[in-house]
Amino acid sequence: MRIIIPLIVFNVLYANTLDNKNIFEISRGNNHVVIQKGQQIKINDDKRKLFFQGYSPVSNTITVKDISYKVLYTKRKKLEYSLSEIDRIQLRLDNTFNRALLLWYPNIFVHVVPQAVIGGIITGIAVVITGHPNIANPMMIYIVGNGFINSWPTAKKYGKGEWLSISLKGSNAWKIADE
Amino acid sequence: MRTSRSLLFCLFLTAVTIGLVETDVIEFQNKGVHAQTEEIAEILLRAILNQVNLPPKNTPSELDRGQDTLKNTSSELESGQETLLLNDFMLLKNNIDGEVIAVRPDTKLMINEEDNVFQFKSHNPNENTIIVTAGSNLQLEYKLSKINILKILLAEDYLQTHSKKTLNKNKSGEWELIEQQIPKLNKKIIGYGCVGGLTGSLLGAAADGQHNGDGSLMLAGCLMGMWATTTALNAFVSDPAVLSDSWKEIHLSQWSVWSKE
């Protein structure tokens with residue numbers, strides 16, 4: 001029984017992932033474009049830079065991740081868009097890797113410092129009240145970890161970027177490639 | 001203390017030198033560097049003129065000179081280069097006034113009413129298609145028969161390092177080589193950054209002197225000045241690619257495409 005329940009849970013989760021493809025392939029004439037997991041896209045006229053996560057041909061939806069820096073915290077949100085509500089997708093084409101490589105390290109400080117200031121004040125008060133200096137450690141580990149995790153994607157988002165507009169509606173629309 | 005001051009002085013001197021060179025206050029004789037490019041451009045233009053069988057009187061004197069200088073080179077090599085170059089270039093001729101435009105590789109262009117800015121890569125006369133690139137690694141193929149309007153960026157892209165030449169017919173019917181030289185923004189950014197850095201360092205040095213500091217304020221001032229001026233310049237200068245008057249709109253129904261075949 002102990003083995004069966006995790007197996008069922010795993011099976012259900014795995015079945016869900018089967019519906020979701022990590023790539024989104026579209027074509028027009030001889031041109032084929034593949035959007036892969038992690039690539040930056042913009043949807044319709046929205047200026048937010050989103051990270052493509054997957055495409056589900058069953059529900060005809062794409063999943064994206066919105067990661068944005070908010071000084072005191074980093075917002076991470078998973079969004080699902082139905083393709084019927086998307087007029088166009090803009091795909092980022094410039095090489096963001098090299099820039100992210102340069103910006104990743106200083107960007108950690110951009111994430112960590114504001115949080116550390118606030119966290120430092122809070123834990124400072126807590127240390128004074130409780131008298132346990134070790135109380136600050138989990139907070140600092142969390143802040144530094146958070147900085148490490150979010151620094152890379154936010155560094156990749158930096159810059160105006162070069163975007164390819166792919167219209168999914170109208171006479172000049174790109175078609176979703178069949179499996 | 002003396003070492004850190006010497007280091008700061010060297011940093012200063014380097015920043016000033018870079019600033020003077022990049023803002024063209026000090027110019028180097030660099031024609032030799034571009035000689036190869038010029039030669040290829042001459043071969044290409046001669047190939048274009050041979051291709052369209054222009055009468056000799058229409059040949060610009062600059063091209064004649066170019067032909068003379070190239071007489072000594074191997075003819076086999078030249079024909080190879082002509083073929084190579086003509087495969088990459090697209091020649092457009094206006095059916096009404098006879099204007100000729102050679103679309104070179106890396107020329108920025110827009111297709112129909114789409115808002116994508118591509119870079120021209122090559123023309124395939126057999127399939128009547130053009131290959132364009134977008135971003136760092138995407139290539140797209142467009143059928144010329146499906147293109148109504150082709151917009152070509154006339155202003156030199158500030159990030160490019162080569163000049164743009166077009167062969168145009170002037171009002172008196174003579175062919176002339178037009179080369180556009182627009183100040184490069186990246187040079188300006190570096191130049192302004194250096195000037196900003198210098199100003200910041202002077203302010204920092206003044207503050208350092210008052211507080212008997214170790215020169216750290218000078219360094220901080222230099223960095224702050226560089227950062228502030230480049231950010232301000234970026235904010236004020238528009239990208240020429242977005243200026244509508246930089247684009248030449250070509251209605252392909254009025255133009256014919258020349259090809260090697």
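1. At which residue does helix α2 of chain A bend, and which proline follows within four residues? In this predicted model, helix α2 of chain A covers residues 96-130 and bends by about 50° at Trp104(A). The proline that follows within four residues is Pro106(A). After the helix comes Gly131(A), with a positive phi near 80°.

2. The buried residues of α2(A) are Thr96(A), Leu103(A), Asn107(A), His111(A), Val112(A) and Gln115(A). An α-helix has 3.6 residues a turn, so residues three or four places apart point the same way. Against which elements do the buried residues of α2(A) pack? Their packing partners are strands β3, β6 and β7 together with helix α3, which belong to chain A.

3. The strands named as packing partners of α2(A) appear again in an open sheet of chain A. Six strands make up this sheet, in the order β6-β5-β4-β3-β7-β8, and the pairing is antiparallel. At its edges stand β6 and β8 (163-167) of chain A, each of which pairs on one side only. From one strand to the next, the twist averages 35°.

4. Strand β7 of chain A may be described from its two partners. Strand β3 (residues 40-43) of chain A is joined to strand β7 (residues 88-92) of chain A by three bridges, and the two run antiparallel. Across this pairing, Lys42(A) stands opposite Gln90(A), and Ile43(A) has Ile89(A) as its bridge partner. With β8(A), β7(A) shares five bridges, again in antiparallel fashion. Here Arg92(A) has Trp163(A), in β8(A), as its bridge partner.

5. Is β7(A) largely enclosed or left open? Four of the five residues of β7(A) are buried, so the strand is largely enclosed by the rest of the structure.

6. Strand β6 of chain A, one of the edge strands of the six-stranded sheet, spans residues 74-82 and contains Lys77(A). Is Lys77(A) buried or exposed? Lys77(A) counts as exposed because it has 10 C-beta neighbours inside 10 Å, and a residue is classed as exposed with 12 or fewer. The C-alpha atom of Lys77(A) is 8.4 Å from that of Val64(A), a residue 13 positions away along the chain.

7. A helix also crosses this sheet. Helix α3 (residues 136-157) of chain A lies across β3, β4 (50-56), β5 (61-69) and β6 of chain A. Its direction is at about 110° to β5(A).

8. Chain A also has an open sheet of three strands, in the order β2-β1-β9, with antiparallel pairing. Why do β2 (31-36) and β9 (175-176) of chain A each have one side without a neighbour in the sheet? Both stand at the edges with a single partner strand, so one side of each is left without a neighbour. Strand β1 (residues 23-28) of chain A is joined to β2(A) by six bridges, and these two strands run antiparallel. Within this pairing, Glu25(A) stands opposite Val34(A).

9. The largest nonpolar core has 33 residues, and those touching the most other members are Ile41(A), Phe52(A), Leu91(A) and Val132(B). Strand β4(A) provides the largest share of this core, with four residues. Another core, of five residues, lies apart from it and includes Leu217(B), Leu219(B), Cys222(B) and Met226(B).

10. Which residues does Val132(B) contact, leaving aside its neighbours within four places in sequence? Its contacts are Leu109(B), Phe118(B), Gln119(B), Phe120(B), Lys121(B), Leu140(B) and Tyr142(B).

11. The overall make-up of chain B is as follows. Its secondary structure comes to six helices and eleven strands. Of its 261 residues, 22% are buried. Among contacts in chain B with a separation of 6 or more, 63% are between residues 24 or more positions apart.

12. How many residues does each chain bring to the contact? Chain B brings nine residues and chain A brings eight. On the side of chain B that touches chain A, strand β6 (residues 138-143) of chain B gives the most, namely three residues. That side of chain B divides into three nonpolar, three polar and three charged residues.

Methods
Residues numbered from 1 in each chain as written. Chains lettered and ligands numbered in written order. Predicted model: local features only at pLDDT ≥ 70, side-chain atom pairs only at ≥ 80, totals over all residues. Contact = placed C-beta atoms within 7 Å. Nonpolar A, V, L, I, M, F, W, Y, C, P; charged D, E, K, R; others polar. Pairing = 2+ DSSP bridges. Buried ≥ 20, exposed ≤ 12 C-beta atoms within 10 Å, placed from the backbone. Axes fitted to C-alpha atoms, helices over the stretch in contact; angles between N-to-C directions. Core = buried A, V, L, I, M, F, W, Y, C linked by C-beta atoms within 7 Å. Bend = angle between axes of the 7 residues up to and from the residue.
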